Amino acid sequence: MITRLQNVKRLGAELGAGALETLFFEDGVILGWNLDRQADQTLDGRGGTVVPALIELHAHLREPGQEEKEDLESGLAAAAAGGYGTVVSMPNTAPVVDDPALVRSLIAKAEGLGYARLRPAAALTKGQKGEQLAELALLKEAGAVTFTDDGRTNEDARMLRLGLEYAHSLGLVVSVHAEDATLRADGVMNEGAVSESLGLPGNPVAAEAARVARDVELARLTGARLHIQHLSSARALEIVRRAKADGIVVTCEVCPHHLTLTDEALRSFDAMYKVAPPLRTQADAEALLEGLRDGTVDCLATDHAPHTSAEKERDLLQAPFGIPSIEVAFPLMYTRFADVLGPAKIVELFTSAPARVMGWTLPSLEEGAPADLTVLDFETEREVKVSEFKSKARFSPWAGEKLRGWPVLTVVGGRVAFERASRPDTNS
Ligand SMILES: NC(=O)N[C@@H](CC(=O)O)C(=O)O
Ligand SMILES: [Zn+2]
Ligand SMILES: [Zn+2]
């Protein structure tokens with residue numbers, strides 16, 4: 001079946017300046033632009049800008065075992081609504097994804113849903129306990145794309161060393177939640193002036209910086225590919241910057257919440273803002289933005305971490321860590337930072353950049369590439385409405401904010417995975 005996607009612009013130097021073009025694809029593969037071909041189906045891009053579908057390297061989809069928070073269907077539908085065509089899911093589920101059969105069944109189930117593609121991360125250690133390596137080769141064979149004990153920290157340095165070496169021999173990246181658990185202790189927010197004034201237990205920047213320093217040394221030792229997840233502090237970023245200058249193979253991601261929120265938000269005592277690593281200071285957020293600008297930060301990832309409203313309504317000491325953001329990440333980053341970074345750079349940070357981190361073929365809209373694409377509307381301002389979320393987590397730090405850059409059409413493997421109602425405020 002041939003599909004034509006009409007009325008779309010390509011991302012050029014000047015936003016909105018390009019001519020309206022038509023992109024053709026057949027059976028999930030791009031045929032080319034403006035062809036003289038008959039089509040069986042026509043999609044309308046409504047004047048939006050078409051880019052390769054976004055790639056998410058870090059999302060908690062909670063299946064199996066925590067479906068009250070999220071499941072594959074709600075999580076991948078939410079991802080498609082956020083413009084993503086590919087999602088790397090975290091393995092801190094119940095049970096943990098440390099079993100090749102589970103990896104296979106998750107991928108098979110996701111394929112049947114028709115939303116974003118699932119490319120699961122598997123646990124680095126059995127049960128994410130840090131005691132024994134998981135069966136990395138078999139997990140890779142089953143479809144796991146990276147190994148991580150995210151949700152937990154890699155306290156045993158020797159185990160991480162072994163994991164890095166083994167993963168490297170398989171050609172895969174190890175992704176780490178870099179916080180020293182003993183230093184982080186029972187901290188519920190960033191340790192600093194705000195935690196002191198609120199009398200809440202703090203988690204110091206040193207917990208992250210010290211762990212990043214250790215892990216960078218393990219990357220140096222092994223020559224393996226280390227990816228640091230959700231980097232949150234200026235200090236840790238500086239360590240990555242120096243490591244890169246030294247030629248160490250290390251990559252890192254930052255999350256929208258660490259760029260747009262600070263520990264001041266905790267003055268509300270709202271556990272919605274409780275996340276690991278914690279929201280830091282304005283100076284940290286600015287340093288992360290500079291890291292994006294100068295290339296020290298490799299890509300954006302959401303760390304979409306849904307929980308039930310009941311869980312997040314508990315007090316700060318009791319509530320679980322995590323902020324969901326997969327449905328708003330792109331418009332949020334675009335609206336806040338297009339003037340600093342430029343739209344093309346922001347798109348890159350959500351597309352080629354994560355692919356490069358994982359060592360995947362770079363996404364493209366040229367002939368022969370998979371028909372995974374997203375149409376972005378840079379013009380229409382729409383409000384963040386949690387009632388419209390596909391995610392089960394119907395709360396957001398950005399609820400009520402007016403944003404631009406919303407995905408209006410997401411196509412995965414040539415099939416429509418998401419389409420937004422054409423006018424805002426018509427359906428709610
Ligand atoms: N980031 C979080 O605050 N929470 C994540 C775990 C994690 O990413 O470490 C979760 O699974 O909820
Ligand atoms: Zn983590
Ligand atoms: Zn995470």
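Let me begin with one pair of residues: Ile-55 stands opposite Thr-86 in strand S7, and from that pairing I would like to work outwards through this model, which is a predicted one.

The strands involved are S6 and S7, the latter covering residues 84-89, and they pair in the parallel sense over 4 bridges. They belong to an open sheet of 3 strands, whose order is S6-S7-S8 and whose pairing is parallel. At the edges of that sheet we find S6, residues 54-59, and S8, residues 117-118, each of which pairs on one side only.

Before going further into detail, a word on confidence and on the overall form. The average pLDDT of the protein is 97, and 97% of the residues score at least 70, while the scores for the model as a whole are an ipTM of 0.99 and a pTM of 0.97. In terms of secondary structure, the protein comes to 14 helices and 21 strands. The C-alpha trace spans about 65 × 45 × 45 Å along its principal axes. How does the radius of gyration agree with that of a compact globule? For 428 residues such a globule would have a radius of gyration near 22 Å, and the protein has 21 Å, so the two agree. Of those 428 residues, 54% count as buried, and if we take the contacts between residues at least 6 apart in sequence, 74% of them join residues at least 24 apart.

Now let me move to a second group of strands, centred for our purposes on S11. Which strands pair with S11, and in what sense? On the one hand, S10, which covers residues 146-148, pairs with S11 in the parallel sense over 3 bridges, and within this pairing Thr-148 has Ser-175 as its bridge partner. On the other hand, S11 and S14, the latter covering residues 226-228, also pair in the parallel sense over 3 bridges, with Val-174 standing opposite Leu-226. S10 and S11 are, moreover, parts of a right-handed β-α-β unit, in which the helix is H4, residues 157-169. As for the surroundings of S11, which runs over residues 173-176, both of its faces are covered: Val-173 and Ser-175 on one side are buried, and so are Val-174 and Val-176 on the other.

Finally, I turn to the annotation, which should be read with some care, since it comes from an unreviewed UniProt entry: the feature "binding site" covers His-60, Leu-61, Arg-62, Asn-92, His-307, Phe-321 and Gly-322. I will look at two of these residues in turn.

Phe-321 is found in the loop between helix H11, residues 309-312, and helix H12, residues 329-341. Is Phe-321 buried or partly exposed? With 15 other C-beta atoms within 10 Å, it is partly exposed, because being buried would require 20 or more. If we leave out residues up to four places away in sequence, Phe-321 touches Lys-274, Val-275 and Ala-276.

Gly-322 is likewise found in the loop between H11 and H12, but Gly-322 has 23 other C-beta atoms within 10 Å and is therefore buried. Leaving aside the neighbours within four places in sequence, Gly-322 is in contact with His-60, Val-275, Ala-305 and His-307. Of these contacts, His-60 and His-307 are themselves covered by the "binding site" annotation in the UniProt entry, and Val-275 is a residue that Phe-321 also touches.

Note on methods: Residues numbered from 1 in each chain as written. Chains lettered and ligands numbered in written order. Predicted model: local features only at pLDDT ≥ 70, side-chain atom pairs only at ≥ 80, totals over all residues. Helix = DSSP H or I, 4+ residues; strand = E, 2+ residues; numbered from the N terminus. Rg over C-alpha atoms; globule rule 2.2 N^0.38 Å. Buried ≥ 20, exposed ≤ 12 C-beta atoms within 10 Å, placed from the backbone. Contact = placed C-beta atoms within 7 Å. pLDDT = per-residue confidence, 0-100. Pairing = 2+ DSSP bridges. Right-handed = clockwise from strand over helix to strand, strands pointing away. UniProt positions renumbered as here; feature names shortened; annotations may be inferred.
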